[in-house]
Amino acid sequence: MGILNSFQDQQGYVEEENNQKKMTETCTMDGAVDWNGRRAIRGRTGSWVAAVLILVNQGLATLAFFGVGVNLVLFLTRVLGQDNAEAANNVSKWTGTVYIFSLLGAFLSDSYWGRYKTCAIFQVIFVIGLTLLSLTTYLFLLKPKGCGDEKSPCGEHSNFEFALFYLSIYLIALGNGGYQPTIATFGADQFDEDDPEEGHSKIAFFSYFYLALNLGSLFSNTILGYFEDKGIWTVGFWASTGSAAMALILFLCGTPRYRHFKPQGNPLSRFCHVLVAAIRKWKVKITSDGDDLYEEHLKQCPENQSRKILHTRGFKFLDRAAIITSEESNHVDKCAQNPWRLCTVTQVEEVKCVLRLLPIWLCTILYSVVFTQMASLFVEQGAVMKTTVSNFHIPPASMSSFDILSVALFIFIYRRVLDPLVAKLRKRGLTELQRMGIGLVIAIMAMISAGVVECFRLKYARTDCASTDCESPSSLSIFWQVPQYMLVGASEVFMYVGQLEFFNSQAPDGLKSFGSALCMTSISLGNYVSSLLVTIVMRFSSRDDMSGWIPGNLNRGHLDRFYFLLAALTTADLMVYIVCAKWYKYIKFEAKGGDDQNECIRQAELGV
């Protein structure tokens, strides 16, 4: 009898263990699939195992990209013999092209290729471009041997050599631009936002993603930048090529582990369907609750397995596209409706979502104007300060290291201190929109800090400096710039990390990469707006007896006024942003049913 009881206890333990295993091998609830196209099982795919590979991949790829981009203007002047204006113009065109290609990568990812394929293809193009640049530089451009530093410019080059060079750097632009918005979204795909634990990890991922980006740029700005500044271009370019190749290999190693979302076709056609269908029914009356609007369900249309978006109020005119008229009612059950006459609620909500995102996105452009000052006016300001400590010269551009250190510090402070504290006091943490608003406030503080430093720099400026050729046009130490760099870094943690999270969570499933691309285009437009603003300021501030706010010799200008102007404009932008944030309505997805989980458990039992 004791043996029988022992056997029954053991059998019960085995059954309980099997039940626990089935529970852990449930499907993700967000509709993700594995490499074979089957519903993704939580314990076998995604999570931090896949995400860490993507984070290391991002760090290495960023190192490779900035290893070329950070000193490209010096390469154009010292190696290719271009003047400063031509080199700066070519770098601006190249940088702008990177962001244009980000829209291309996002479109292909969301529409046709999917995020994994898009990342892999554009990373291969990236490695090819870097390899071609390294070979072209070593074989053709560095002639005579040993040229390319500040004192030894290189000789003339043929049109063929110029063509190889431009082909290589624009392949780099294509590869990096198409890859960047997609890899952020692909990393977020590895976490199921409908699961509380993984949802929290997904939020943390964006912080670590931005940290990986900054750490990669820190290495390229310091170590690779040092080699390239000394004229050792081949070492810098080959190091970038090796870094990109390692990033690609690591990315491919995670292939069996990744979670995927199937591309949902051309979003432009879906948007056109909604607009045309709504215009055709402009006379049709609609109800206020939206209960009579059309939506496809899995049992009716099994080929459409994307998550459904719940109906929201606002933009009521577009709701007409989902109203079922008498002539369309016969085709609804067969899923054979004309898309130019009848659209689903999900399609309508996609259009509404984009329309709601645009005002928030527009408000982030002025912040990017503040952010771009680190690479331009902050460096020029530092160049006319005291840049020596004992006999050691501090390159003004290297002060951006304090920005990167600030990003790392404030990511830790926010994740470990601020977020838990706010969640304890308010029962929930800060929303993405609230964090972006905080980022704007800190950006205002950064511009005020920069303006105050400039006031003191002018106070201690040397009056005998007739030009910027003075060894030290001001006796004020360059380390007084540390607060403004630290404040910009802190603002990035709230604005750019919050922006990545916001656009990823609020973009529909068929537009996730497009949401990440919006972040990159915000930075791009920030560069253009900054350039336009400087041009306007110089036109209105320059007179016969005045050289303007930002002249060649900053000791004769008023750079402080420009910083204070940016602070005022950012304050106005903050006011508009608060209005837009209060108006914004969050997207809501329909919860998945239990049939999918049962099917996933059956897959786990079969070992597929």
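## A walk through the model

Start by selecting P144, which sits in the loop between α5 (115–141) and α6 (159–188). Keep in mind as you go that this is a predicted model. Now show the backbone from K143 to P144: the peptide bond there is cis, with omega near 0°. Most peptide bonds are trans.

Next stop, the cysteines. Select C147 and C154, which form a disulfide with their sulfur atoms 2.0 Å apart. The structure holds 1 disulfide, and the torsion about its S-S bond is about 90°, so this bridge between C147 and C154 is right-handed. Is C147 buried or exposed? At a relative accessible area of 4%, C147 is buried, because the cut-off for that class is under 20%. C154 is buried too, with 12%. While cysteines are on your mind, select C253 and C519. C253 is exposed, with a relative accessible area of 54%, whereas C519 counts as buried at 8% relative accessibility.

Move on to helix α14, residues 400–426, and look along its axis: there is a kink of about 45°, centred on Y414. Y414 is also one of the buried residues of α14, a list that includes D403, I404, V407, I411, R415, D419 and V422. What do the buried residues of α14 pack against? Colour α7 (196–229), α15 (432–459) and α16 (482–506) and you have the partners. Step just past the end of α14 and you reach K427, which takes a positive phi of about 70°.

Two other positive phi values deserve a click. Most residues other than glycine have a negative phi. Go to S47 in helix α2 (residues 47–69), where phi is about 65° and positive although S47 is not a glycine. S47 is partly exposed, with a relative accessible area of 23%. Then jump to F315, in the loop between α9 (267–280) and α10 (316–319). Phi of F315 is near 50°, again positive in a residue other than glycine, and F315 counts as partly exposed at 32% relative accessibility.

From there, go to V351 in helix α12 (residues 345–372). V351 is buried, with a relative accessible area of 7%. Which residues does V351 touch, not counting those up to four places away in sequence? Show F271, V274 and L318. For a distance to draw, join the C-alpha atoms of V351 and L268: the two residues are 83 apart along the chain, and the atoms are separated by 9.9 Å.

Finish with the cavities. The count comes to 3 cavities of 30 Å³ or more. The largest has a volume of about 80 Å³. To find this cavity, select its lining: D30, R115, A188, D189, F191, E193, K202, F261, R307, N504, D509 and K512. By class, that lining has 3 nonpolar, 1 polar and 8 charged residues.

The second largest cavity holds about 60 Å³ of space. Its lining is S109, D110, G114, R115, F261, K262, P263, Q264, D509 and G510, which splits into 2 nonpolar, 4 polar and 4 charged residues. Leave R115, F261 and D509 highlighted for a last look: these residues line the largest cavity and also the second largest.

Note on methods. Residues numbered from 1 in each chain as written. Predicted model: local features only at pLDDT ≥ 70, side-chain atom pairs only at ≥ 80, totals over all residues. Heavy atoms only, no water. Helix = DSSP H or I, 4+ residues; strand = E, 2+ residues; numbered from the N terminus. Buried < 20%, exposed > 50% of the residue type's maximum accessible area, 1.4 Å probe, protein only. Contact = heavy atoms within 4.5 Å. Disulfide = S-S within 2.5 Å. Bend = angle between axes of the 7 residues up to and from the residue. 1 Å grid on protein atoms, 1.4 Å probe; cavity = no way out; pocket = protein on both sides within 12 Å on 5 of 7 lines; lining within 4 Å. Points joined across faces, edges and corners; volume = space filled by probe spheres on them. Nonpolar A, V, L, I, M, F, W, Y, C, P; charged D, E, K, R; others polar.
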